[in-house]
Amino acid sequence: MVVCHCELVNDRTISEIVSGQVLTVEEVTDRCGAGGRCGGCHESIERLLAASETRVRVAV
Ligand code: FES
């Protein structure tokens, strides 16, 4: 599923970038460009980051 339509970045790419790390939206933008233009995808990116943080907390 495309998360950032401005940069054509999908959820799989963002999940691979996050890969168990605790990152901010800005750090995701720095790594793949998602969220760096209109900002309309920030909520979706934040949801992916929150899901990743939950997995990190469960794994610890
Ligand atoms: S949809 Fe991601 S920056 Fe516009």
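Me: What makes the phi of Leu-8 a point to look at, and where does Leu-8 lie?
Reply: Leu-8 lies in the loop between β1 (2-4) and β2 (9-10). Its phi is near 50 degrees, a positive value in a residue other than glycine. Most residues other than glycine have a negative phi. Bear in mind that this is a predicted model.

Me: Why is Leu-8 called exposed?
Reply: Set the value against the cut-off: exposed means over 50% relative accessible area. Leu-8 has 67%, so it counts as exposed.

Me: Which loop holds Ser-19, and what is its phi?
Reply: Ser-19 sits in the loop between α1 and α2 (25-32). Its phi is positive, about 35 degrees, although Ser-19 is not a glycine.

Me: And how do you know whether Ser-19 is buried or exposed?
Reply: Ser-19 has 52% relative accessibility, and the exposed class begins over 50%, so Ser-19 counts as exposed.

Me: Let's go to the helices. Why are α1 and α3 called oblique?
Reply: Helix α1 (residues 11-18) and helix α3 (residues 42-59) pack at an angle of about 45 degrees. Roughly parallel would need an angle under 35 degrees, and roughly perpendicular runs from 65 to 115. An angle of about 45 degrees fits neither of those, so the pair is oblique.

Me: What is the distance between the axes, and which hand does the crossing have?
Reply: The axes of α1 and α3 are 10 Å apart, and their crossing is right-handed.

Me: Which residues meet where α1 and α3 pack?
Reply: From α1 come Asp-11, Ile-14, Ser-15 and Val-18, and they meet Ile-45, Leu-48, Leu-49 and Ser-52 in α3. By class, that contact has five nonpolar, two polar and one charged residues.

Me: Ser-52 is in that list. What makes it buried or exposed?
Reply: Ser-52, which lies in helix α3, has a relative accessible area of 3%. Buried means under 20%, so Ser-52 is buried. Leaving aside residues up to four places away in sequence, Ser-52 touches Val-18, Gly-20 and Gln-21.

Me: Back in α1, why do Arg-12 and Thr-13 get the labels they do?
Reply: Both residues are in helix α1. Arg-12 has a relative accessible area of 61%, over the 50% cut-off, so it is exposed. Thr-13 has 30%, which falls between 20% and 50%, so it counts as partly exposed.

Me: What separates these two from residues elsewhere in the chain?
Reply: Arg-12 and Met-1 are 11 residues apart along the chain, with their C-alpha atoms separated by 7.8 Å. Thr-13 and Cys-32 are 19 residues apart in sequence and 8.3 Å apart in space, C-alpha to C-alpha.

Me: Now the whole chain. In what order do the elements run, and how many are there?
Reply: There are three helices and two strands. From the N terminus on, the order is β-β-α-α-α.

Me: How do you know whether the radius of gyration agrees with a compact globule?
Reply: For 60 residues, a compact globule would have a radius of gyration near 10 Å. The protein chain has 11 Å, so the two agree. Along the principal axes, the C-alpha atoms fill a box of roughly 35 × 20 × 15 Å.

Me: What share of the chain is buried, and what share of contacts is long in sequence?
Reply: Buried residues make up 28% of the 60. Among contacts between residues at least 6 apart in sequence, 46% join residues at least 24 apart.

Key. Residues numbered from 1 in each chain as written. Predicted model: local features only at pLDDT ≥ 70, side-chain atom pairs only at ≥ 80, totals over all residues. Heavy atoms only, no water. Axes fitted to C-alpha atoms, helices over the stretch in contact; angles between N-to-C directions. Helix = DSSP H or I, 4+ residues; strand = E, 2+ residues; numbered from the N terminus. Parallel < 35°, antiparallel > 145°, perpendicular 65-115°, else oblique. Left-handed = near helix turned anticlockwise from the far one by under 90°. Contact = heavy atoms within 4.5 Å. Nonpolar A, V, L, I, M, F, W, Y, C, P; charged D, E, K, R; others polar. Rg over C-alpha atoms; globule rule 2.2 N^0.38 Å. Buried < 20%, exposed > 50% of the residue type's maximum accessible area, 1.4 Å probe, protein only.
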